Structure formats: structure tokens, C-alpha cells
Amino acid sequence: MPDVLFEPLSFRNLTVKNRVFRSNISGRFDNYDGTGTQTRINWELKFAEGGVGAIISSFVPVHPRGRIIPNYATVYDDDRIPFWRAVGEAVHRYDCRYIMQLSHGGRQRDVPDLQYAKGQSSTSKKDPLHGFECDRMTIGDIREVVAAFADGARRAREAGLDGVELHGANGYLITQFLSSAINDRTDEYGGSLENRARFVLEIVRAIRTKVGRDFHLQMKISATEHADALIFTKLEGPGNTVEESVQVCKWLVEAGVDAIHVSTGNSFPHPRNPAGADLDVQLLGHTYEQLASSGTNTFRNLLLFHNDLTGAIFRKAWLDAGVPANQIEGLSLSDAAQIKAAVSVPVICTGGFQTASVIRNAITSGQCDAVSMARTLVANNDLVKQFAAGRDRAERPCTYCNKCLVHVVEHPLGCYEVSRFDNNEAAMLEQVMSVYRPQPFA
Ligand SMILES: Cc1cc2nc3c(=O)[nH]c(=O)nc-3n(C[C@H](O)[C@H](O)[C@H](O)COP(=O)(O)O)c2cc1C
Ligand code: SF4
């Protein structure tokens, strides 16, 4: 009997060879000005070689003011097209498709760059965790950003990529409009669900006008916001429910979206995304310094992470607001199933997947059509090949320790769980640094 994991998945304009997508995962691989590097190509090749059907890129800003940190490759200028063409061509050699995540950070940032100290958003409220300040967008600003998304899609298409994804999840600009917790506008972009969805639907229509119907377009959405997961965020309220997101997905599909990618949580990070079995607060105290000095909650947050007692309290609050470690794999499946039951397009689900039998069951039971994986593939780049060879789980699976996440603001992206390397720190760092090889001038 054919294995559903390795059955191709057909979207309206795209066919992917199997049901495992590399989920978006950002690392500071590129130049300060947002031009791309060989290091990013090396990174993506790890997963293409490892057998995934498609790679969904990390956060790619469509507008200079939408950047969340320096050193992420951008798509806001035509001069970026040749770099993305090189990424796509490299990945295609492994029969792997490449989907670019078109993104704008809004008020949620990590390290603001020199050009734009302040973000922009549906609101003028600062983000509750870091305290980054923002300007409420005018109608003119909204039009400019909608056009920037459409131009980003055009550039992705001109670069020969296989599609684009709207980053409508995890608290970034599109979430900031969709969210009943964040969006406090009183004009036609705020208030009712229909008004809050206007921004993203305008983006979808603008993309369709620019690139036509025959280019793959999907949307990543935080189906349930869980906006009040932490004490800092409680004031903003719980945010959108899955029922509201089902309605948004129906509108998105009517407007021309070809697939829905289901995530959770209305900030990044969020206790449920990426859901952790642990949080290394001591390490956070060191890597977080760069962020803290840019936001207005610097003192509170540094105190929180540099003191053993408050650190322990924060760790407990964070983990309690997530899910128990044994429920991390597939934690968004019930949301995905509700969306799948309501829309006619394929649904991709993200969150903790790393066991072949669990993924098979998610697909055959009709809860989703494919899964996307981030940390679990960082830990085992060749997991899909291992599944193909008959393994149900990697010998050394991802432990969901989230050290990769805590390191990434300051250090290269990779797996930092030394227990997975027989407690050999040098071997672990060798794996982390391998992304810098090869380089053109080496
Ligand atoms: C270090 C790190 C960076 C991430 N960057 C992005 C991103 O750029 N865009 C995005 O949509 N999700 C991002 N995510 C979320 C993942 O795509 C994924 O949805 C989430 O981690 C759950 O999947 P996993 O359990 O397989 O890691 C990131 C996750 C991690 C750990
Ligand atoms: S550091 Fe490694 S084991 Fe820990 S969550 Fe990240 S990829 Fe998984």
C-alpha cells in the first residue's frame, strides 16, 4: 500500500513530492542591509538534501520598515531578485519546491535597524513583551504596505520561486490587523471581524492582480491567538478564536489563497509556539540583552532574566502557559482539522511533528494534508530520508528544549542541545558552524 507521507500533494498551481514541508525558521544568515548570502543557501540546502518536499522560507520583509532584525534577507527591491533566483535554483536541484514567506513585522520586532527605530501597526500600543513602540498606520501607510506585499510576490515569481506565503501568524503585522486583542482601530480596518480582515484580503487581491491566478499563494495563520497566555499580555484580552479564524480562512480562499498553514499564538515567541519542554532563562538573560536595550521594558525584562528567583518564576509561567511536553507534537491539529473541514484548499499544520506514524495519522484521519517542521528538522536535517528508510522517529529526536530559539537573536541558528551530541560541545558547535561552508572565496 502506498505510504501517504510520500504521496505528492497538489495545490492549484503547485505539486509537492511528499507531505513534509520545512517550516519557516529565521536565522541571521545575511548582510546587515538585507542582501542575501551563500550562508543562507547553505542553510536551505541542508533541508532540500534531507528530503523535504518543499521549503517555506523564513521571514522575508517586503518593506524596509517591516524588518524585525538586521541580517535577514529581504525582498523589497528588484535588486534582490538574483539572490532569490540562486536560492531557488539550488533547492530545485533536489526536486524540492521553494515558497517565500512575505512578511512585515509591524510593532513586533527583535532588534530595530538604523533606518526605522519605530515600527508601525494597526494600533499605537507598544508590544507588551519587549515594549517596542509603534505608529498607528494611516490609510496611506496601509496602501503602501499592501503594494509592497504585491511587489514582493512579483519578485518571488520573477526569481523563479514556486510560490509565496503571507506571514499572517505569530503576532506580526497581518496578525496585528486580524487580532481582536491588538487591533483597536475605529475606521474600516478595525472593529468587526470583516473590518479586521480587510487588510489581509486587500493584500491577497493586490497579489492576484500583480501575479495572476497561476502562482501559488498560501497564508500562515495563528488559528487560536491565546493572546492572554502571559501576565504581560492579559490586558489585551484572549484574541481571535478558531471559529473566527475559520471565517477568515473562508474569505481568504474566496479571494484567491491556495492553501492554509496553521499555527498558533499571537506573538513570537509564544508559550505555544514554538512550544517548549523547557526554557533556559539564564541563557535568555545573555542573548536577550540586544532586544532589551531597544524596547521600553528593558529594566523589567533584564531584572526578570538576570535574577534566579524571578527567572524561575518566568520560566514556570512560560511553561505553564504552553502545553505539557508529551502534547507538543501536533498541538495545533484540532485547529487545523476545523479549518480543513471548512475550506476547499489543502491545509498544512505546524507544531512539534517528528514521528512518521503521528504524521500519517494526522493526514489519513483528515485533520490536515501535510505538516511543516522547523526545530525537529534543525535537529535532524535528514528526517524525511529516515522516514523513507522505515524509521518512525530519529534516534536522537528534538527535545523541544528551545535552546535554538534562545540562541538565535545573537548566535548562528542550529541545534544547541548538547545531550544530542553525547555532551560533546565541540561536536555540537561544529554542526552549528557548518552552515558557513562552503563560501565562494574559501
Ligand atoms: C528559531 C526559530 C525561528 C522561527 N522563525 C519563523 C519565521 O521566520 N516565520 C514563521 O512563520 N515561523 C517561524 N518559526 C516557527 C516555526 O516555523 C514553526 O511553526 C514552529 O517552530 C513549530 O514547529 P516545530 O515544533 O517543528 O519547531 C520559527 C521557529 C524557531 C524555533
Ligand atoms: S536546540 Fe535542538 S533539540 Fe533543542 S529545540 Fe532546538 S533543535 Fe530541538
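This tour visits the internal cavities of the structure and then a pair of packed helices. The model is predicted.

**The largest cavity.** Four cavities of 30 Å³ or more are present in the structure. Begin with the largest cavity, which holds about 840 Å³ of space. To centre the view, select Phe268, Pro269, Asn273, Pro274 and Leu405, the residues nearest its centre among the 49 that line it. Next, colour the elements that each give two or more residues to this lining: strands E4 (54–61) and E12 (370–373), together with helices H8 (281–287), H10 (298–306), H11 (308–320), H14 (375–379) and H16 (403–407). Of these, H16 supplies the largest share, three residues. Colouring the lining of the largest cavity by class shows 29 nonpolar, 16 polar and four charged residues.

**The second largest cavity.** Select Gln108, Pro128, Thr233, Asn266 and Ser267, which lie nearest the centre of the second largest cavity. This cavity contains about 190 Å³ of space, and its lining comprises 18 residues. By class, the lining of the second largest cavity has eight nonpolar, seven polar and three charged residues.

**Helices H7 and H12.** Now display helix H7 (residues 242–255) with helix H12 (residues 333–342); their axes are 9 Å apart and the packing angle is about 40°. H7 is therefore oblique to H12. The crossing of H7 past H12 is right-handed. For the contact itself, show the side chains of Val242, Glu243, Val246, Cys249 and Lys250 on H7, and those of Asp335, Gln338, Ile339 and Ala342 on H12. The contact between H7 and H12 consists of five nonpolar, one polar and three charged residues.

Key. Residues are numbered from 1 along each chain as its sequence is written. Chains are lettered from A and ligands numbered from 1 in the order in which they are written. This is a predicted model: local features need pLDDT of at least 70, side-chain atom pairs count only at pLDDT 80 or more; totals for chains, interfaces and linings use all residues. Side-chain values use heavy atoms; hydrogens and water are left out. On a 1 Å grid over the protein atoms alone, a cavity is a set of points where a 1.4 Å probe fits but cannot get out, and a pocket is an open set with protein on both sides within 12 Å along at least five of seven lines; lining residues have an atom within 4 Å of a point. Grid points are joined across faces, edges and corners, and a volume is the space filled by probe spheres set on the points. Helices (H or I, at least four residues) and strands (E, at least two) are DSSP runs, numbered from the N terminus. Ala, Val, Leu, Ile, Met, Phe, Trp, Tyr, Cys and Pro count as nonpolar, Asp, Glu, Lys and Arg as charged, and the others, Gly among them, as polar. Axes are lines fitted to C-alpha atoms, for helices over the stretch in contact, and angles run from 0 to 180 degrees between N-to-C directions. Angles under 35 degrees count as roughly parallel, over 145 as roughly antiparallel, 65 to 115 as roughly perpendicular and the rest as oblique. A crossing is left-handed if the near helix is turned anticlockwise from the far one by less than a right angle, and right-handed if clockwise. Contact means heavy atoms within 4.5 Å.
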